[in-house]
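I opened the model to look up a few things and kept notes as I went. The entries follow the order in which I checked them.

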Amino acid sequence: MSGFESRYEEAQRRKRAVMENRGRSDGEFNDFALAASEQKNLVRKRLEEGFEHPFEREIGGRVRQPFKEMGLRSEDDAVLKYFVTLVPKGGKARASDDKANLAVQCKSKLLTLDYPYIELNREFMAALRVDCDGVFQTPEACLFLLTEAVRDGLIPCLPHIIVGDLLDNGQLARPHLIWMLPQGAAVWRSEDRRCRQQPIRLFDAVARGLAAALIDMGADPAAPTMTGRMKCPTSPFWLTLTPNAEVWPTLTEYADYVDTGISRAALARKAAVIQSGLGLTASNQIFDVLRTEGRRLLAEWHFRSDNRIKGSRLVLADHLHEALAAFAKHSGSSEEGVSYVTAKVADYLASHFDPVKLEGKTVNRGKLLDVVDGLNTVTERQAAGGRYSGKAKGVSTFEKLLAAYRRLQITGTPITQTALAQASGVSRRTVISRWDEIVNSEACSQKVCENRCIDKKVAGTTVPAEYPVIAANPLIEARSQYQAANQIQKNRLEVRPVGNAHKWALKATKANIALIAGERIRRYAGAVGQRQTIKPVIDDLAAVYGVTLTEAEVLQAANSATDVMRAIEQICEGRWLSDAELAAMRPMAA
């Protein structure tokens, strides 16, 4: 760095000489000249009297008391001098007191470097930043852990700059770890067709690899790597350390140490495991559930033009975190460990939100992280993934066969292996292999479900004497409505033998099926619209009950329900739906 420092000082001398020898005009002062004069006075005052923070103000999440600092931090530090050269020229450098909203504050680069947050040159990237969410007892403790990582070969060298918030109790909170490339080795990032994409991808991969190597220290894998935004190490608001001024690896040398193949999704899941303390399996399952809900919320906000999605990504992460926390609490998962997973999911989804990808299929990377944990080779991981996929497909096929079996029961169609294969869309060979499993499962469910079947032998001549009674809702005490509901069921139901038992089934008349159609449309038209709901309802009822309704009949049935009927529907969710049908329809309503 000694050669760089001498060239830096030479450039500064030449710049001062040009400024001193510049000719002056005797014209009148205009607004621009006045602003330049005022800024020049501010720069002179900053150099002579130092930096002064005159009043209490919140910076970086906490209130800062008034203080004063003399001199420039980069004055006697070669590393910080090099950092200064990575910041754009005055009038182009963006900085702010708020990390979410950076803008050009003034034309003086010297004054800009006092702001807490700054953005480096985005066209020539030379600084790798890792956000660390940890809080260390002392700055020395943080430096010790980094030294251990270098000794273990996880990272090639200590970061060139550590910049974080020194709390009143001496702790170092949420530092940024900055590694810089050697002078002349910056990565060119431009829209120019001559710009090569491979070095840019390598830059991003190395940044991910550094985060992966330091994930036990609290490295944040969701932090963007290509923006160049960071805590400004020359700002008096932060504690700045420069522990490494000797070792300057190139991008390729960084790549030899760190894992450049790990995805950001897998990193986010690993960070959730470590910080939540829930264990790999539980944490990964919670992460997957929250990710699915988070994607649904983002799609809903986007297509509804919700104000929550119109701000910056940091604001979006806050809104998403709040919504996912409420979802987790409603689901009964509000312990402290889940809150860490929620934070990681919100940060990951917000930082990688792309509206273009909402309507297409996406890859859920890292979903089987707990399944392949401890497996080193690709062959072993592929085999474990294949076993998991086969098991999941087996469960899905069983549910499809069971639903088809119950549809055949309702319609009174003779249940054979061939008929079940045609109704379910599953091969006959699979039906034959799982036939006993399906029949036994249905027999067990009939014995358990008292509202659907009576355990009577076919040889018996007696049939159920009473119709199934609708359970009372404790929140509504309208007894007459329950009686009306049971009377309607009595007029609509019939009993028929099914296997070795008698079971209640709906009479497949046009009037009854129209009743079902009207109820379904009233229930789900609010979600997708009445017109869009009609055809799927008609097609489904024709396939299940063999009764085809016209669009006019369905509309008439949907709009002609009495107040009593609508009250009954509120009490008895899915009166005419089986358990399988109700489970399939509920996601449509959501």
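**Notes on a predicted model**

I began with one side chain: that of asparagine 244, which reaches the backbone nitrogen of glutamate 246 at 3.2 Å. I am working from a predicted model throughout.

**Entry 1: asparagine 244**

I looked up where this residue sits, and asparagine 244 is in the loop that runs between β15 (239–241) and α7 (251–257). Is asparagine 244 buried or exposed? I find 4% relative accessibility, and buried means under 20%, so asparagine 244 counts as buried.

Next I checked its other polar partner. A polar atom of the asparagine 244 side chain lies 3.0 Å from the backbone oxygen of leucine 158. I then listed the contacts of asparagine 244, leaving aside neighbours within four places in sequence: Val79, Cys157, Leu158, Pro159 and His160. Leu158 is thus on the contact list and also supplies the backbone oxygen noted above.

**Entry 2: helix α3**

Val79 from that contact list led me to helix α3, residues 78–85. How many of the eight residues of α3 are buried? I count seven, and the helix is mostly covered. The buried ones are Ala78, Val79, Leu80, Lys81, Tyr82, Phe83 and Val84. I note that the lysine, Lys81, is on this buried list.

I also looked at the start of the helix. Aspartate 77 caps the N-terminal end of α3, with a side-chain oxygen 3.0 Å from the backbone nitrogen of valine 79.

**Entry 3: a four-stranded sheet**

I traced an open sheet of four strands, ordered β6-β5-β7-β14, with antiparallel pairing. Its edge strands are β6 (103–104) and β14 (229–231), each of which pairs on one side only. I checked β5 (residues 94–96) against β6 and found two bridges, with the strands running antiparallel. Alanine 95 has alanine 103 in β6 as its bridge partner.

**Entry 4: strand β9**

Why do I describe β9 as largely enclosed by the rest of the structure? Five of its five residues are buried, so that description holds. I sorted the side chains by direction: Ala127, Arg129 and Asp131 point one way from β9, while Leu128 and Val130 point the other way. Both groups are buried.

For the pairing, I find β9 and β12 antiparallel over five bridges. Valine 130 stands opposite leucine 177 in β12.

**Entry 5: the second largest pocket**

I looked up the second largest pocket, which holds about 1500 Å³ of space. Of the 49 residues that line it, Lys99, Asp131, Ala223, Pro224 and Leu314 are the closest to its centre. Asp131 I had already recorded as a buried residue of β9.

Which element gives the most to the lining of the second largest pocket? I find α10, with six residues. The elements that each supply at least two lining residues include β2 (57–59), β7 (117–119), β9 (127–131), β12 (172–180), β14, α10 (313–330) and α11 (336–351). Among them, β7 and β14 are also strands of the sheet in Entry 3.

**Entry 6: whole protein**

I closed with the totals. The protein has 21 helices and 18 strands, and buried residues make up 41% of its 590 residues. I put the accessible surface at about 32900 Å², with 51% of that belonging to carbon and sulfur atoms. Of the contacts between residues at least 6 apart in sequence, 68% join residues at least 24 apart.

Technical notes:
Residues numbered from 1 in each chain as written. Predicted model: local features only at pLDDT ≥ 70, side-chain atom pairs only at ≥ 80, totals over all residues. Heavy atoms only, no water. Buried < 20%, exposed > 50% of the residue type's maximum accessible area, 1.4 Å probe, protein only. Polar contact = N/O pair within 3.5 Å; in protein donor to acceptor, adjacent residues only side chain to side chain. Contact = heavy atoms within 4.5 Å. Pairing = 2+ DSSP bridges. Areas by Shrake-Rupley, 256 points an atom, 1.4 Å probe, with all protein chains shown as cover. 1 Å grid on protein atoms, 1.4 Å probe; cavity = no way out; pocket = protein on both sides within 12 Å on 5 of 7 lines; lining within 4 Å. Points joined across faces, edges and corners; volume = space filled by probe spheres on them.
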